[in-house]
Amino acid sequence: MDTILSVLTSGGVTAVTIVAACKWITKRIIDGAISSYNERNLANYNSILERQNKIIESDLNFKRHIWESQYNTEFENYLNIWAALQEYIEATLHLKNLDNAPAYDYGKQEEKNNLQKEKWEKSECSFESLFIGKAPFYQKRHYEKFAELDVACKELYEYYKGKRFNVQVDEMAVKKYTENILALNDEILDELRTYLQSLKSLPTEKSNN
């Protein structure tokens with residue numbers, strides 16, 4: 001700076017001109033320093049953003065993978081339980097003639113009813129092993145509904161079982177048991193449809209809390 005001033009002064013340049021020149025030179029130096037600082041700062045900022053974006057993307061991909069795995073597992077559980085439940089209900093509603101045949105035809109009818117009973121027991125076992133065995137892996141409220149349907153089917157079975165050996169069946173009672181089973185089935189069907197539909201979109205952080 002002293003050298004610059006000496007050169008300017010020796011040429012007869014005025015003080016105002018010298019001050020203006022100094023300001024211009026100083027501004028250039030400062031602007032250059034700021035520009036250099038901003039470029040380095042911007043590069044560092046972009047580098048930080050890039051690292052953060054990679055972390056966020058990795059986190060989202062991991063959560064999406066977990067969510068998809070959970071959805072597929074839960075969906076498969078409901079699919080299997082529902083199929084077993086429908087077989088169980090069908091077997092229950094076809095128990096009408098269980099051990100309820102005239103004495104003269106009891107031999108053949110007993111064989112038929114035993115097969116019917118075996119089918120019911122097999123369906124009951126298949127359904128229970130799924131809805132109880134998979135209980136930790138689906139919604140508690142749906143477990144309770146499945147359990148309620150299980151009880152309803154058992155009640156009708158016990159009713160038919162108590163009317164063995166040609167005792168007259170009360171059709172109104174049977175109708176009440178049947179309607180209860182079908183109503184519970186429709187109720188859980190609607191609830192499952194709504195619930196599974198809601199699982200189609202990836203939940204947000206807010207909805208998870």
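This note goes through confidence, the nonpolar core, two helices, the salt bridges and two buried asparagines.

1. **Basis.** This is a predicted model, in which local features need pLDDT of at least 70, side-chain atom pairs count only at pLDDT 80 or more, and totals for chains, interfaces and linings use all residues. Residues are numbered from 1 along each chain as its sequence is written, and side-chain values use heavy atoms, with hydrogens and water left out.

2. **Confidence.** pLDDT is the predictor's confidence in each residue, from 0 to 100. The protein has a mean pLDDT of 77. Of its residues, 58% reach 70 or more. Residues 205–209 stay under 50. For that stretch the model has 2 contacts (heavy atoms within 4.5 Å) beyond four places in sequence. Where pLDDT is low, the predicted coordinates should not be read in detail.

3. **Nonpolar core.** The term covers buried Ala, Val, Leu, Ile, Met, Phe, Trp, Tyr and Cys residues joined through side-chain atoms within 4.5 Å. Buried is under 20% relative accessible area, exposed is over 50%, and partly exposed is in between (1.4 Å probe, protein chains only). The largest core holds 32 residues. Among those with the most contacts inside it are Tyr-78, Phe-127, Leu-149 and Ile-181. Two or more residues each come from helix 2 (15–93), helix 3 (106–133), helix 4 (140–162) and helix 5 (171–198). Helix 2 gives the most, with 9 residues. Helices here are DSSP runs (H or I, at least four residues), numbered from the N terminus.

4. **Leu-149.** This residue is on the list of those with the most contacts inside the core. Leaving out residues up to four places away in sequence, Leu-149 touches Leu-85, Ile-89, Ile-181, Leu-184, Asn-185 and Ile-188.

5. **Helix 4.** It has 23 residues. From first C-alpha to last it reaches 33 Å, close to the expected 33 Å. The expected span is 1.5 Å times one less than the number of residues. Its buried residues include Phe-146, Leu-149, Cys-153, Leu-156 and Tyr-160. Charged residues are on the buried list too, namely Lys-145 and Asp-150.

6. **Helix 5.** It has 28 residues and reaches 41 Å, close to the 40 Å expected. Ile-181, Leu-184, Asn-185 and Ile-188 are among its buried residues. At the helix start, a side-chain oxygen of Asp-170 comes to within 3.0 Å of the backbone nitrogen of Met-172.

7. **Salt bridges.** The rule is a side-chain nitrogen of Lys or Arg within 4 Å of a carboxyl oxygen of Asp or Glu. The count is 7. Side chains of opposite charge can pair when their charged atoms come close.

8. **The Lys-154 network.** Glu-124, Glu-128, Asp-150 and Lys-154 are linked in a network of salt bridges. Lys-154 pairs with Glu-124, with the closest N and O atoms 3.0 Å apart. That pair links distant parts of the chain, as Lys-154 is in helix 4 and Glu-124 in helix 3, 30 residues apart. Lys-154 also pairs with Asp-150, at 2.7 Å between the closest N and O atoms. These two are 4 residues apart in helix 4, so about one helical turn separates them. Lys-154 is at 25% relative accessibility, so it counts as partly exposed. Glu-124 is buried at 16%, and Asp-150 is buried at 7%.

9. **Lys-175 and Glu-179.** This salt bridge has its closest N and O atoms 4.0 Å apart. Both residues lie in helix 5, 4 residues apart, about one turn of the helix. Lys-175 is partly exposed, with 44% relative accessible area. Glu-179 is also partly exposed, with 45%.

10. **Asn-185.** It sits in helix 5. Its relative accessibility is 9%, so it counts as buried. Its side chain makes a polar contact with the side chain of Gln-86, at 2.9 Å. A polar contact is a pair of N or O atoms within 3.5 Å; within protein, one must be able to donate a hydrogen and the other to accept it, and residues adjacent in sequence count only if both atoms are side-chain atoms. Beyond four places in sequence, Asn-185 is in contact with Trp-82, Leu-85, Gln-86, Ile-89 and Leu-149.

11. **Asn-113.** This residue lies in helix 3. It is at 0% relative accessibility and so counts as buried. Asn-113 and Lys-96 are 17 residues apart in sequence, and their C-alpha atoms are 9.3 Å apart in space.
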